[in-house]
Amino acid sequence: MAAGAATETLPEPSGPGTVVLDIGGDVGAAAVYVPATLAGVEIEIRRDGEAWEGRHVAVRERQLPDAAVWAALFPTLDSGDYEIRVRHGDPAAPSTRFTVAGGRVTTVHWRDERSGAASGGTGRGA
């Protein structure tokens with residue numbers, strides 16, 4: 001690492017009820033569930049058909065009452081169609097598309113291309 005370069009430390013895993021969203025009207029959110037192998041990876045998002053501009057969040061461990069899951073949360077998204085990918089990954093790598101509805105949290109399940117299995121669900125809005 002270069003002199004003076006900083007590393008980002010992820011927060012501790014979040015538990016139930018520790019995330020607050022301000023959604024409603026035409027504003028929704030997206031929770032992207034991924035395999036544990038993507039822990040700490042940055043997931044980038046864009047409106048479908050627009051340029052990748054670097055808007056991203058990190059995959060974090062989320063503690064649920066009966067299990068741990070790994071997810072990236074996009075807390076404020078205008079209604080519409082979106083596309084996500086691993087940030088700084090292979091530009092030709094597959095991406096996942098989904099639709100966000102205002103006033104709702106869309107659940108997206110990342111497809112693990114290495115195993116051929118999804119982390120659950122369909123990849124479309126809930």
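Here is a short walk through the model, one selection at a time.

This is a predicted model, so local features need pLDDT of at least 70 and side-chain atom pairs count only at pLDDT 80 or more, while totals for chains, interfaces and linings use all residues. Residues are numbered from 1 along each chain as its sequence is written, and side-chain values use heavy atoms, with hydrogens and water left out.

**Stop one: the sheet**

Start with the open sheet of 4 strands, whose order is E3-E2-E6-E7 with antiparallel pairing. Strands here are DSSP runs (E, at least two residues) numbered from the N terminus, and two of them pair if DSSP finds at least two bridges between them. Colour 56–58 and 96–100: these are the edge strands E3 and E7, each of which pairs on one side only. Neighbouring strands of this sheet are turned by 30° against each other on average, ignoring direction; the axes are lines fitted to C-alpha atoms, and angles run from 0 to 180 degrees between N-to-C directions.

Now add residues 80–86, strand E6, which runs antiparallel to E7 and is joined to E7 by 5 bridges. Two of the bridge pairs are easy to pick out: glycine 80 has valine 100 as its partner, and aspartate 81 has threonine 99.

**Stop two: the two faces of E7**

Show the side chains of E7. Which ones point to the buried face? Thr96, Phe98 and Val100 do, while Arg97 and Thr99 point to the other face and are not buried. Buried means under 20% relative accessible area, exposed means over 50%, and partly exposed is in between (1.4 Å probe, protein chains only). In a regular strand the side chains alternate between the two faces of the sheet.

**Stop three: the core**

Select Val32, Phe74, Ile84 and Phe98 next: they have the most contacts inside the largest nonpolar core, which has 17 residues. Such a core is a set of buried Ala, Val, Leu, Ile, Met, Phe, Trp, Tyr and Cys residues joined through side-chain atoms within 4.5 Å. Strands E1 (27–34), E2 (42–47), E5, E6 and E7 each give two or more residues to this core.

Zoom in on phenylalanine 74. Beyond its neighbours within four places in sequence, its contacts (heavy atoms within 4.5 Å) include Val32, Ile43, Val57 and Ile84.

Then slide along to leucine 77, in strand E5 (residues 68–78). Leucine 77 counts as buried because its relative accessible area is 0%. Leaving aside neighbours within four places, leucine 77 touches residues including Ile45, Tyr82 and Val100.

**Stop four: the charged pairs**

The structure holds 4 salt bridges, each a side-chain nitrogen of Lys or Arg within 4 Å of a carboxyl oxygen of Asp or Glu. Pick glutamate 44 and arginine 85, whose closest N and O atoms are 3.1 Å apart. Glutamate 44 sits in strand E2 and arginine 85 in strand E6, 41 residues apart, and both are buried.

Next, select arginine 46 and glutamate 83, which meet in a salt bridge at 2.7 Å, N to O. Arginine 46 is in strand E2 and glutamate 83 in strand E6, so this pair ties together parts 37 residues apart in sequence.

Glutamate 83 also meets arginine 97 in a salt bridge, at 3.4 Å, N to O. Is arginine 97 buried or partly exposed? Arginine 97 counts as partly exposed because its relative accessibility is 41%, whereas glutamate 83, at 5%, counts as buried. To finish, add Asp48: Arg46, Asp48, Glu83 and Arg97 are linked in a network of salt bridges.
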